[in-house]
2 protein chains.
Amino acid sequence: MTAHAHTALAAMPTMDDIRAAARRIEGLARRTPLLESPALNEKFGGRLLFKPEVLQRTGSFKFRGAYNKIASLTQEERARGVVAFSSGNHAQGVAAAAGLFGIRAVIVMPADAPAIKADNVRAMGAEIVPYDRYGQDREIVARPYVEQGMALVKPFDDPLIVAGQGTVGLEIAEDAAAMGARLDAVVTPCGGGGLMAGIATAIKALSPETQIWGAEPENFDDTRRSLAAGSRVGADPAGTSICDALMSPMPGELTFAINRKLVAGVVGVTETSVAAAMRDAAAHLKLVVEPGGAAAFAAFPSGEIALAGRTIAVVLSGGNVDLDLFARLTAAA
Amino acid sequence: MTAHAHTALAAMPTMDDIRAAARRIEGLARRTPLLESPALNEKFGGRLLFKPEVLQRTGSFKFRGAYNKIASLTQEERARGVVAFSSGNHAQGVAAAAGLFGIRAVIVMPADAPAIKADNVRAMGAEIVPYDRYGQDREIVARPYVEQGMALVKPFDDPLIVAGQGTVGLEIAEDAAAMGARLDAVVTPCGGGGLMAGIATAIKALSPETQIWGAEPENFDDTRRSLAAGSRVGADPAGTSICDALMSPMPGELTFAINRKLVAGVVGVTETSVAAAMRDAAAHLKLVVEPGGAAAFAAFPSGEIALAGRTIAVVLSGGNVDLDLFARLTAAA
């Protein structure tokens, strides 16, 4: 083991960190329910329990980690404000959390992010600094703000962010147990890997026999490639996807160290499957799910995750999609 | 007071009947949350607490009343099966409840009901008898089944149905109190008036100062007309509406007797307002709401319900809409 890897391992959040995050966000984040549809169970041949983070404050799970991070800054650090880079959902989580603390938030955001995400960030009082997703390094764009003394709230590669997102896994485990359901697997969308790492940490602590699966766009499969390579590699730089929330170019150092230990596998999902999953979620769960948020539900057609007779939690991680795109994807049968 | 009115009054369900219904449906109906969006609060200038019955079993509130009614039949009555007439949501509620008891269900349903509603009823094992909404009397179509000994599960004009729907109001009152919110008003869609009568009974018992408002399509406003006339009158027979769930031709005898006592007023909503409400619910609450289900939320643009600085619960009563219509209504800005 290299010294480098050792550093990452030392920072891995524990179940205690996730429970601490759960206490911090209580009453501020929504405890989203587990939803079940007899029609979808019949269609897929397994028992599917959906975790609708589309109903979360700001429309995605991202508020959990952002609030946990900002709440953990010292009062002095917090007073100098926060800066974040994000494709949109993390931006909204940071803007909402910063708003609750009444501090300044600067968000470095791709110029082509969905309008709904940019509008929501502005409505929450944060400042947007746009950048070119394909030509500029967002970390470099954010650097001047960090040098001014603002705290960087990373989108995933931070133990406090991972612990915050891990509360999704804690709630899934608790609510499944309360329903008397034994989880065979949890499937979650995977961008930078923070949500998956947090969920995996919680679920493996509480239900070690439950498998953790991730889902990435087939053309933006950096975590799948990294798991195959045994070390972090990037997605195809030419790859694009309708799943804007999942277009992180490379897994995080910390998140990959966690995920490579705990995850059963990552499925690459097609855009056709994503659209079908969005349609099924709208028709049977009455939920608006964004493309990236539907990736885990879109993983079933690949056949890689066994379904028959099993009980599987499916994370619907976000719902921030422009309604004209939503209409286009769900109306086409 | 006429003898006739006296009969209706005698059958009015009480808070005890609603609590009994709540015990019967517990663990079978979903206890839907109260959802709030800071962006919608800001847009409308009041605090809006949404009761998303789109997340209810079968995608609308109708399961509550149907299950309460069927559970209250004697075992012998139940064994002979049930028959219902419905535009679609009550049909699904009856089909689901009958399915839980393993009994036969026959549903008399308009031939032009949304495909999703008919498909769902068939998927739950019920038999559909189609009829012409504009040319046939559905009560006459249902009669032969009643004469065979099957129990009629009316869509609204039955104290057990009203008590079941009243659990929506009970949950709103309890959850608002738990949030520390004092409700100035509750607004609910109104078809035959069963949901509104049940909610009004619960809310007025638990929070007498809270106003109850209904919302009907402006072209299918039988309850509004009846309140103005002081007695039950029908909607314009030539009226049509995109709110298929609210196209009951006349208020029920029982439901009108309750609503005329307890309701502050009924607002007629335009199709433009309904589409805007569906769009706002999709964009900010991430919910798929059907046209009729969005009627209460569509009542605000009329200005009849004071909003500024007030706290108002808004019932989103159902989400069973064909996705192509949903796309058409929500994508158009």
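This passage describes the contact between the two chains, the domains of chain A and the surroundings of one strand.

The structure is a predicted model, in which local features need pLDDT of at least 70, side-chain atom pairs count only at pLDDT 80 or more, and totals for chains, interfaces and linings use all residues. Residues are numbered from 1 along each chain as its sequence is written, while chains are lettered from A and ligands numbered from 1 in the order in which they are written.

We may begin with the contact between the chains, to which chain A and chain B bring 20 residues each (two residues are in contact if their C-beta atoms, placed from the backbone, lie within 7 Å). On the chain A side, at least two residues each come from helix H7 (115–123), helix H13 (271–285) and helix H14 (323–331); helices (H or I, at least four residues) and strands (E, at least two) are DSSP runs, numbered from the N terminus. The most is given by H14(A), with five residues. By class, this side of chain A holds 13 nonpolar, four polar and three charged residues (Ala, Val, Leu, Ile, Met, Phe, Trp, Tyr, Cys and Pro count as nonpolar, Asp, Glu, Lys and Arg as charged, and the others, Gly among them, as polar).

A turn of 180° with a shift of 0.0 Å along the axis lays chain A on chain B with an RMSD of 0.0 Å, the superposition being by least squares on the C-alpha atoms of residues with pLDDT of at least 70 in both copies. This is the relation of a two-fold axis. The same surface serves both copies, as 100% of the contact residues of chain A recur in chain B.

Within chain A, the assignment gives domain 1 (3–59 + 158–331) and domain 2 (63–152), with bounds from an automatic or database domain assignment. Their C-alpha centres lie 22 Å apart. Here 25 residues of domain 1 of chain A are in contact with 21 residues of domain 2 of chain A. On the domain 1 side, H9(A) gives the most, with seven residues.

Turning to strand S6 (residues 185–189) of chain A, five of its five residues are buried (20 or more other C-beta atoms within 10 Å of the residue's own, all placed from the backbone). S6(A) pairs in the parallel sense with strand S7 (residues 211–217) of chain A over five bridges, and with strand S9 (residues 311–316) of chain A over three bridges; pairing requires at least two DSSP bridges between the strands. Val186(A) stands opposite Ile212(A) in S7(A), and Val187(A) opposite Val314(A) in S9(A).

Notes. Buried ≥ 20, exposed ≤ 12 C-beta atoms within 10 Å, placed from the backbone.
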